[in-house]
Amino acid sequence: MISNIKDALILIPEYAPDRQQECADLLRHIEHGDTSLYTKKSITRLSEYLHSYSPAIPDSVRHDIIRAMLSAPETIVFSTIRILSGLTQADMSVMFNIPKRTIENWDSGARACPEYVSSLILYRLCNEGYIDLPISPAE
């Protein structure tokens, strides 16, 4: 079971052998305490891997990796959702009728997106196919 970003980075080379060194480098930085920068960088990389290697990664593993990514610190949960969806800040602003500056603050971690808002955004993006994750309203 994949429970965090480290687990996901350890598992990815099994499906993307050419990314083994890059995953090892990210893990090394995370383990040496560079958590905020490298967690966000790791989430960006994991999202790219999920898109690039999608056919090779079983659905259950992909869903576990996405759930692990969403368990990131509160200050980057919104950014994780945006990265996974592939939408720009401007796209998110228009789609959810949220001021672009608010989206920028949430995305940069300057302010944390309220949990209920990120849950609603995640729910809609999953249901509309932007994020490949089966989700129910209770999640």
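1. Cys 23 is buried, with a relative accessible area of 1%, and this residue is found in helix 2, which spans residues 20-31. When residues up to four places away in sequence are not counted, Cys 23 touches Leu 9, Ile 12, Pro 13 and Tyr 49. Cys 23 and Arg 45 stand 22 residues apart in sequence, and their C-alpha atoms are 8.7 Å apart in space.

2. A word on confidence belongs early in the note, since this is a predicted model. The mean pLDDT of the protein is 87, and 93% of its residues reach 70 or more. Among the elements of the protein, the lowest mean pLDDT, 81, belongs to helix 3 (residues 35-52), whereas the highest, 97, belongs to helix 6 (residues 89-96).

3. The surroundings of Cys 23 lead to the pairing of helix 1 with helix 2. The axes of these two helices come within 8 Å and cross at roughly 160 degrees; angles over 145 degrees count as roughly antiparallel, and helix 1 and helix 2 are therefore roughly antiparallel to each other. Helix 1 passes helix 2 in a left-handed crossing. On the side of helix 1 the contact is made by Ile 5, Lys 6, Leu 9, Ile 10, Ile 12 and Pro 13, and on the side of helix 2 by Gln 20, Cys 23, Leu 26, Leu 27, Ile 30 and Glu 31. Sorted by class, the residues of the contact of helix 1 with helix 2 are nine nonpolar, one polar and two charged.

4. Helix 1 (residues 5-15) also meets helix 4 (residues 59-70), and the axes of this second pair come within 9 Å and cross at roughly 150 degrees. That crossing angle makes helix 1 roughly antiparallel to helix 4, and the crossing of the two is left-handed. Helix 1 brings Ile 5, Ala 8, Leu 11, Ile 12 and Tyr 15 to the contact, where they meet Val 61, Ile 65, Ala 68 and Met 69 in helix 4. The residues of the contact of helix 1 with helix 4 divide into nine nonpolar, no polar and no charged. Ile 5 and Ile 12 are among the helix 1 residues that meet helix 4, and both are also listed in the contact of helix 1 with helix 2.

5. Within helix 4, Ile 65 deserves a separate look. Is Ile 65 buried or exposed? Its relative accessibility is 0%, and Ile 65 therefore counts as buried. Leaving aside neighbours within four places in sequence, Ile 65 is in contact with Ile 2, Ala 8, Leu 11, Ile 12 and Leu 50. For one of these partners, Ile 12, the separation from Ile 65 is 53 residues in sequence and 9.1 Å in space, taken from C-alpha to C-alpha.

6. Turning to helix 6, one finds that Met 92, Ser 93, Met 95 and Phe 96 are buried in this element. The axes of helix 6 and helix 7 come within 9 Å and cross at roughly 125 degrees, and the two helices are therefore oblique to each other. Helix 6 passes helix 7 in a right-handed crossing. Here the contact is made by Gln 89, Ala 90, Met 92 and Ser 93 of helix 6 together with Lys 100, Ile 103, Glu 104 and Asp 107 of helix 7. By class, the contact of helix 6 with helix 7 has three nonpolar, two polar and three charged residues. Met 92 and Ser 93 are thus part of this contact, and both are among the buried residues of helix 6.

7. The link between these two helices holds a backbone detail that a reader may wish to inspect. Asn 97 lies in the loop between helix 6 and helix 7 (100-108), just after helix 6. Its phi is near 55 degrees, which is a positive value in a residue other than glycine. Which relative accessibility does Asn 97 have? The value is 71%, and Asn 97 therefore counts as exposed.

8. A final point concerns Ser 118, which is found in helix 8 (residues 115-127). Ser 118 is buried, with a relative accessible area of 8%. When residues up to four places away in sequence are not counted, Ser 118 touches Val 77, Ile 81 and Cys 113.

Methods. Residues are numbered from 1 along each chain as its sequence is written. This is a predicted model: local features need pLDDT of at least 70, side-chain atom pairs count only at pLDDT 80 or more; totals for chains, interfaces and linings use all residues. Side-chain values use heavy atoms; hydrogens and water are left out. Axes are lines fitted to C-alpha atoms, for helices over the stretch in contact, and angles run from 0 to 180 degrees between N-to-C directions. Helices (H or I, at least four residues) and strands (E, at least two) are DSSP runs, numbered from the N terminus. Angles under 35 degrees count as roughly parallel, over 145 as roughly antiparallel, 65 to 115 as roughly perpendicular and the rest as oblique. A crossing is left-handed if the near helix is turned anticlockwise from the far one by less than a right angle, and right-handed if clockwise. Contact means heavy atoms within 4.5 Å. Ala, Val, Leu, Ile, Met, Phe, Trp, Tyr, Cys and Pro count as nonpolar, Asp, Glu, Lys and Arg as charged, and the others, Gly among them, as polar. pLDDT is the predictor's confidence in each residue, from 0 to 100. Buried means under 20% relative accessible area, exposed over 50%, partly exposed in between (1.4 Å probe, protein chains only).
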